[in-house]
Amino acid sequence: MDALSSSPLYAVIVAGGSGSRMQSSLPKQFLPLQGKPVLMHTLQAFASLPQSVELVLVLPEVQMAYWQQLCRQHRFTLPHQLVAGGNSRFQSVKRGLEKVPDKALVAIHDGVRPLIEGDIILRAYQLAAEKGTAVVAVPLKDSIRRLQADGSSQSSPREEYRLVQTPQTFRAEAIRSAYAREEQPHFTDCASVAEAAGLHIHLTEGSYRNLKITTPEDLLLAEALLQNGSLHYRN
Ligand SMILES: Nc1ccn([C@@H]2O[C@H](COP(=O)(O)OP(=O)(O)OP(=O)(O)O)[C@@H](O)[C@H]2O)c(=O)n1
Ligand SMILES: C[C@](O)(CO)[C@H](O)COP(=O)(O)O
């Protein structure tokens, strides 16, 4: 991991959303998973690496005080900088990146992917140090079909596609300038923003455990996976 020692490592954990698809009274990043908020698992994954990572946590502005109360309640003392998010993931990432120095490698990660594994994070930093970009992705398990304008559908070769996860890791200067070029938050991930700025996106192997808690069944699955820490499949 020599390439990593020359750049400070940062992680921007985006958790500024409202979790509408979860349909819970509390945004999903604060919901309990094995007795502690989802977000604490996510931050802990980055803090547990052998390398030191500076953590930037993007939260909804209205929930800053609530988060600080949760930290006291759970005696959660990992150092992290807090940033108020925007009204889209794009805006939240952009705000988080303002706290990252130019020379850093920055991993941008969804706060609601609490099962990310340390070796995947490290591989992504390593690849980004070498190539400038590293996006975690997995092969598709189901067949896929492309929707047609006439309402029918056509099969597509699934081996040509990957499901994109986070972290998505970049040289900070490059990803910040990619975000600065864009006004319209129509991008669903950072790789698309980087690509629009001309960067080539390099993929690195993710894991099926690294699920994004989006709808209620995802939380049940995360609970089950945490109970069985050894259950995972890698290609
Ligand atoms: N304005 C926003 C919207 C999303 N996110 C974060 O981006 C990640 C992925 O977004 P998603 O799963 O879509 O979260 P929500 O926007 O909260 O969920 P939903 O789309 O169901 O409302 C989450 O960690 C979420 O908190 C963010 O930081 N700021
Ligand atoms: C960034 C992401 O998690 C990669 O899969 C995804 O694009 C986020 O999408 P969402 O609709 O904001 O959850």
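**Exercise 1. Place S88 in the chain and decide whether S88 is buried, exposed or partly exposed.**

Solution. S88 lies in the loop that runs between β5 (81–84) and α4 (89–97). The model is a predicted one. Next, count the neighbours: 16 other C-beta atoms lie within 10 Å of S88. A residue is buried at 20 or more and exposed at 12 or fewer, so a count in between makes it partly exposed. S88 is therefore partly exposed. For a sense of distance, take G229, which is 141 residues from S88 along the chain; their C-alpha atoms are 33 Å apart.

**Exercise 2. Describe the residues around ligand 1 and ligand 2.**

Solution. Start with ligand 1. There are 21 residues around ligand 1, and those that come nearest are G16, G17, S20, R21 and S92. Sorted by class, this shell holds 13 polar, four charged and four nonpolar residues.

Then take ligand 2. Its surrounding residues are R89, D110, V164, Q165, T166, T188, D189, K212 and T214. By class they split into four charged, four polar and one nonpolar. Strand β10 (residues 162–171) contributes the most to this shell, namely three residues.

**Exercise 3. Find the residues that touch the most other members of the largest nonpolar core, and list the contacts of V106.**

Solution. The largest nonpolar core has 55 residues, of which Y10, V12 and V106 touch the most other members. In soluble globular proteins, nonpolar side chains tend to be buried together. With neighbours within four places in sequence set aside, V106 contacts Y10, V12, L97, V100, T169, F170, A172 and I175.

**Exercise 4. Check the span of helix α5 against the expected value, and list its buried residues.**

Solution. Helix α5 covers residues 118–131, which is 14 residues. The expected span is 1.5 Å times one less than the number of residues, which gives 20 Å for α5. The end C-alpha atoms are 20 Å apart, so the two values agree. The buried residues of α5 are I120, I121, A124, Y125, A128 and A129. In an α-helix there are 3.6 residues a turn, so residues three or four places apart point the same way. Just after α5 comes G132, with a positive phi of about 100 degrees.

**Exercise 5. State how β8 and β9 are joined and in which sense they pair.**

Solution. Strand β8 (residues 144–147) pairs with strand β9 (residues 153–156) in the antiparallel sense, over four bridges. Within this pairing, L147 is opposite S153 of β9. The two strands make a hairpin with five residues between them. In the turn, G151 has a positive phi of about 95 degrees.

Note on methods. Residues are numbered from 1 along each chain as its sequence is written. Chains are lettered from A and ligands numbered from 1 in the order in which they are written. This is a predicted model: local features need pLDDT of at least 70, side-chain atom pairs count only at pLDDT 80 or more; totals for chains, interfaces and linings use all residues. A residue is near a molecule or strand if its C-beta atom, placed from the backbone, lies within 6 Å of it. Ala, Val, Leu, Ile, Met, Phe, Trp, Tyr, Cys and Pro count as nonpolar, Asp, Glu, Lys and Arg as charged, and the others, Gly among them, as polar. A nonpolar core is a set of buried Ala, Val, Leu, Ile, Met, Phe, Trp, Tyr and Cys residues joined through C-beta atoms within 7 Å. Two residues are in contact if their C-beta atoms, placed from the backbone, lie within 7 Å. Two strands pair if DSSP finds at least two bridges between them.
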